[in-house]
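Trainee: Hi! Could you walk me through this one before I head back to the bench?
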Amino acid sequence: MKSFDSRTYSVNDYREWHSSDQLVLSPRFQRRSVWSDNAKSYLMDTIVRGKPIPKVFIRQMIDPSSGRSIREVVDGQQRLRTILAFVSDGFVIRKTHNSEHGGQYFSQLPDDVRVQILSYEISTDLLINVSDEEVLDIFARLNSHAVVLNQQEKLNAAHFGPYKRLADDLAHSYFKYWTKNGIITEAKVMRMEDVALTADLLIAMCDGIQSKKAIASYYRRYEEVFPFDVETLQKQFDATMAYMTHVFPEGFKESEFRRVHLHYTLFTAVFHLAYGLPEGDEESAGKISTVTPEKIRARWDHVESIFDAADPADLPAADRQFLTDSRRATTDTAVRARRTKYLVDLALAE
């Protein structure tokens, strides 16, 4: 027998139930974690933008003494607490999340925005008159089918700052680029590997080439304050990607550069030649205008021949080192820097 009913309730429905003591925000079936101010702001920005949020689970019981319906929150407590606090002027959305409405309490928002928030529909699974044991069984079954989060998915779930937002926005804007070129498959995009690569590239742009292992520390470091101009980074990222596309108009699907670690190297090489990587070689930084894209392409085509070499032992030392570094797919700082320098030197070779 079906023990739940899927419905949608508005924010205003939840507000009215809360004010009339018909909503019990009980933590009995939930983790005791408390959301940060950043997480609360990000949720409300999501609602203001009309984007979906995860569903809520409610157990509806009839109070036999009063005959009133009591709705007990069994999953989604932090989401509902956040929403109810916001519509009661408990906090404001941060300007880093919403430049238009950031810094305003709910009562200070334009009428149409307040109506939009109160009308926002929350997907809700209603568990009707089910016992505690049944509730626990339902969640055990749901968790049995849950996919274990990878590192990037955990980072995105735990952080809401400007660095995370920039990585998300840039990665999503290049969905067709990643998939068309065979750099990241659609399935891996769904597991946020495009965001991981973009976050990695942003680190190189801001602080120079680092180990991929450093990504988590940068999410923590830039959770509250991101001391870089976001618009400048967006323009430089787009310009670097555009130059790569210009040099390789046929794309990368048949190229060694389609491999994620080599695409990272191609990006950092172009970025260094255009703008200069922090802590990078100053002599070669910004020298992209001294050589034509056609010459750079001709020189970087040499990379394909390295991988096709019948006997790597016959290759020059620099080529052998690049081949070894590339085949290992290592993401350590020193190896990444060496691969990038190889491409930069190749591009500027006389």
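**Rings, cores and overall shape**

Mentor: Let's begin with two tyrosines: Tyr163 and Tyr219 are both buried (under 20% relative accessible area, with over 50% exposed and partly exposed in between, using a 1.4 Å probe and protein chains only).

Trainee: Hang on, what sort of model is this?

Mentor: A predicted one: local features need pLDDT of at least 70 and side-chain atom pairs pLDDT 80 or more, while totals for chains, interfaces and linings use all residues. Numbering starts from 1 along each chain as its sequence is written, and side-chain values use heavy atoms, leaving out hydrogens and water.

Trainee: Back to rings, then. How many aromatic pairs are there?

Mentor: The count is 24 aromatic pairs, taking Phe, Tyr and Trp rings (the six-membered one for Trp) with centres within 6.5 Å; planes under 30 degrees apart are stacked, over 60 edge-to-face, the rest tilted. Tyr163 and Tyr219 make an edge-to-face pair because their planes are at 70 degrees, with the centres 5.0 Å apart.

Trainee: And why does that pair tie together parts that are apart in sequence?

Mentor: Because Tyr163 is in helix 7 (residues 162-173) and Tyr219 in helix 11 (residues 215-221), the pair links parts 56 residues apart in sequence. Helices here are DSSP runs (H or I, at least four residues) and strands are E runs of at least two, numbered from the N terminus.

Trainee: Which residues form an aromatic cluster?

Mentor: One cluster includes Tyr174, Trp178, Phe237, Phe257 and Tyr275.

Trainee: Cool. Which residue has its charged end over the ring of Trp17?

Mentor: Arg71, at 4.0 Å from the ring centre. Lys164 puts its charged end over the ring of Tyr42, 5.0 Å from the centre. The rule wants Lys NZ or Arg CZ within 6 Å of the centre and within 35 degrees of the ring normal.

Trainee: What about the largest nonpolar core?

Mentor: That core has 63 residues, and Tyr163, Trp300 and Leu343 have the most contacts inside it. Its largest share, nine residues, comes from helix 10 (residues 193-207). A core joins buried Ala, Val, Leu, Ile, Met, Phe, Trp, Tyr and Cys through side-chain atoms within 4.5 Å. Another core, of 29 residues, lies apart from it, with Trp17 and Leu109 among its members.

Trainee: Last topic: how many helices and strands does the chain have?

Mentor: There are 17 helices and five strands. The C-alpha atoms fill a box of roughly 90 × 45 × 30 Å along the principal axes, and buried residues make up 47% of the 350 in the chain.
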